[in-house]
Amino acid sequence: MQRVVNHILSHFPHHPTAMQVAACEEMVRFLYDPDPAAAFLLRGYAGTGKTSLVSALVRSAPALHIKTVLLAPTGRAAKVLASYSGQPAFTIHRKIYQTVTDGSGIMRMARAFNKHSYTLFIVDEASMIGQGDDMVLDRHNLLEDLVDYVGEGSHCRLMLIGDTAQLPPVGSTQSPALDPAYLGRVLRLTVHHSELTEVVRQQHLSGILLNATLLRRQIALLAPGDEPAMPLFDLQDCDDVVRLQGGELEEILNREYSSNGIEQMVIVTRSNKRANLFNQEIRNRILFREEEVNAGDHLMVVKNNYYWLEPESGIGFIANGDIAEVQSLRNHQELYGFHFADATLRFVDYPDLPAHDCKLLLETLHSESPSLTAAESQQLFEAVMEDYADMPRKQDRLRAVKQNPYYNALQVKFSYALTCHKTQGGQWGTVVIDQGYLTDEMVDREYLRWLYTAVTRATGRVYLLNFKDNFFQPPDNNFGK
């Protein structure tokens, strides 16, 4: 067993710490545990070496005769995982679900059968995986389906990786996939567990990592019911975390878009309303786009869609969180009380996927809700249903609605500015964090986790937009350092 540990550690990019060695030893014990319900949970904060350990395991796996499949909750998170592991990665839902047609001819999602054998499934960004799966697939429990899928294969194992300081899934107070007690008690897994807490990734050179660590330590010190102190950013002697006034934002956007491209920058906000305001200003004042939507615009899909892609397309369906660039736009229509347009879309996180023609529902572009509200969805359903009133059987009318391209139009928002939950799992070279309206009473544990998650989306630079003076350690009162 020690030989295996040494082989994995030989692929480390640096000399491993004692904590990383201990985590590697526990991981190897998991790999050789004869219990078919064995699983491995690796928790660690930003900069503690999770990626180094996972990358070393993946790179040493062939010599150890271990097959690996890399998974993440979103396409962007899968892209990040693939970049640091050197191996293709897939989204969880596209791996474990398939599109099927039921007896009435309507397409739906069903869990696929696991045909793998002797395979380790490595799942990154597991903090995003919820019990009810609000983010990915309606009416599915993604975590339970993932565990069942892996267990269904012959001698397959599950490894979950995540950061407990990040935001939990929408509607949850904690991340069940990172809770060893939940995994053992509810999902009946035998959990091997390691936690990395020592920051080793060049903290003294990285203001992003330094300030993420300051936020995380403050989160860790909070007991239930405690009132947190005001978070204090340390901007001394670092040039990758910069305080910014609103008037400077336009210059920053112009510079970043021209030098690094639109895909490498995002503004993180605390509400869809604020994201809408930023998106509209960026389109008007930076990109000079006056139409409701233009070719070249970048959009994020905000509701799963199973209509526009064929099952053999390679990604199966268009998922909540996918980002697409509009290549062409045509056929604007007003119908059923809503506005539509036909578009050819390039999905930026799937460069090998050809561009696809889809119909867009334009109302969601400026909506303050995450997608169509329940009332709006019902309104669209009933309006489309009226077109098939001549069909005597309700079952036939329902089938026709489910196959109607307007009813299945993609719900999208502009992706220049996004809420923090929508950015989770992804990375951008430059991240602007908008403080927005915030009173001292609103600074609680949830806000600290929000701020930590936003800061750790950046790989190059963070701009703190319109943050109050009491968020900074003295003597910093200088903007645009």
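Trainee: Which residues do ring pairs link into a cluster?

Mentor: The model before us is predicted, and a pair of aromatic rings is described by the distance of the centres and the angle of the planes. When such pairs are followed from ring to ring, the cluster they link is made up of Phe233, Tyr447, Trp450, Phe467, Phe471 and Phe472.

Trainee: How are the rings of Tyr447 and Phe340 placed with respect to their partners, and, taking Phe340 and Tyr406 to begin with, what is the angle between the planes?

Mentor: With centres counted as paired within 6.5 Å, the model holds twelve aromatic pairs. One of them joins Phe340 and Tyr406, whose centres are 5.1 Å apart. Because planes over 60 degrees apart count as edge-to-face, this pair is edge-to-face, the angle between its planes being 85°.

Trainee: How many residues apart in sequence are the parts that the pair of Phe340 and Tyr406 ties together?

Mentor: Phe340 belongs to strand E13, residues 338–347, while Tyr406 lies in the loop between helix H12 and strand E15. Both rings are buried, Phe340 with a relative accessible area of 1% and Tyr406 with a relative accessibility of 15%. Because the partners lie in these two places, the parts that the pair ties together are separated in sequence by 66 residues.

Trainee: And what class of pair do the rings of Tyr447 and Phe471 form?

Mentor: Tyr447 lies in helix H14 and Phe471 in the segment after E18, so this pair ties together parts that are 24 residues apart in sequence. Tyr447 is buried at 4% relative accessibility, and Phe471 is buried at 1%. The ring centres are 6.4 Å apart and the planes stand at 80°, so the pair is edge-to-face.

Trainee: Which element gives the most residues to the largest nonpolar core?

Mentor: That core has 41 residues, of which Phe233, Ile433, Leu451, Phe467 and Phe471 touch the most other members. At least two residues of the core come from each of helix H8, strand E10, strand E17, helix H14 and strand E18. The element that gives the most, with seven residues, is H14.

Trainee: How many residues are in the other core?

Mentor: It helps to look at Ile433 beforehand, which, apart from its neighbours within four places in sequence, is in contact with residues including Val268, Leu451, Tyr463 and Phe467. Tyr463 itself is listed in another core that lies apart, together with Ile267, Val326 and Leu345 among others. The number of residues in that other core is 40.

Trainee: Is Thr453 buried or exposed, and which backbone nitrogen does its side chain reach?

Mentor: Thr453 has its place in helix H14 and, because a relative accessible area under 20% counts as buried, its 0% makes it buried. Beyond four places in sequence, Thr453 is in contact with Ala165, Gln166, Leu167, Cys420 and Gln424. Its side chain comes to 3.0 Å from the backbone nitrogen of Leu167.

Trainee: Which backbone oxygen does the side chain of Arg449 reach?

Mentor: Arg449 is also found in helix H14 and is buried, with a relative accessible area of 10%. Its C-alpha atom is separated by 6.0 Å from that of Ala165, although the two are 284 residues apart along the chain. Among its contacts beyond four places in sequence are Thr164, Ala165, Gln166 and Leu167, and at 2.7 Å its side chain reaches the backbone oxygen of Gln166.

Trainee: Against which helix do the buried residues of H12 pack?

Mentor: Arg397, Ala400 and Val401 are buried in H12. They cover an arc of only 100° around the axis, so they are on the same side of H12, and a general point applies here: an α-helix has 3.6 residues a turn, so residues three or four places apart point the same way. The helix against which the buried residues of H12 pack is H11.

Trainee: With which side chain does the side chain of His116 make a polar contact, and at what distance?

Mentor: His116 lies in the loop between strand E5 and strand E6 and is partly exposed, with a relative accessible area of 23%. Its contacts beyond four places in sequence include Val69, Lys95, Tyr149 and Ser154. The charged end of Lys95 sits over the ring of Phe90, 5.7 Å from its centre, and the polar contact of the His116 side chain is with the side chain of Lys95, at 2.9 Å.

Terms used
Residues are numbered from 1 along each chain as its sequence is written. This is a predicted model: local features need pLDDT of at least 70, side-chain atom pairs count only at pLDDT 80 or more; totals for chains, interfaces and linings use all residues. Side-chain values use heavy atoms; hydrogens and water are left out. A nonpolar core is a set of buried Ala, Val, Leu, Ile, Met, Phe, Trp, Tyr and Cys residues joined through side-chain atoms within 4.5 Å. Buried means under 20% relative accessible area, exposed over 50%, partly exposed in between (1.4 Å probe, protein chains only). Helices (H or I, at least four residues) and strands (E, at least two) are DSSP runs, numbered from the N terminus. Contact means heavy atoms within 4.5 Å. Rings of Phe, Tyr and Trp (its six-membered ring) pair if their centres lie within 6.5 Å; planes under 30 degrees apart count as stacked, over 60 as edge-to-face and the rest as tilted. A charge sits over a ring if NZ of Lys or CZ of Arg is within 6 Å of the ring centre and within 35 degrees of the ring normal. A polar contact is a pair of N or O atoms within 3.5 Å; within protein, one must be able to donate a hydrogen and the other to accept it, and residues adjacent in sequence count only if both atoms are side-chain atoms. The arc is that of the directions from the helix axis to the C-beta atoms.
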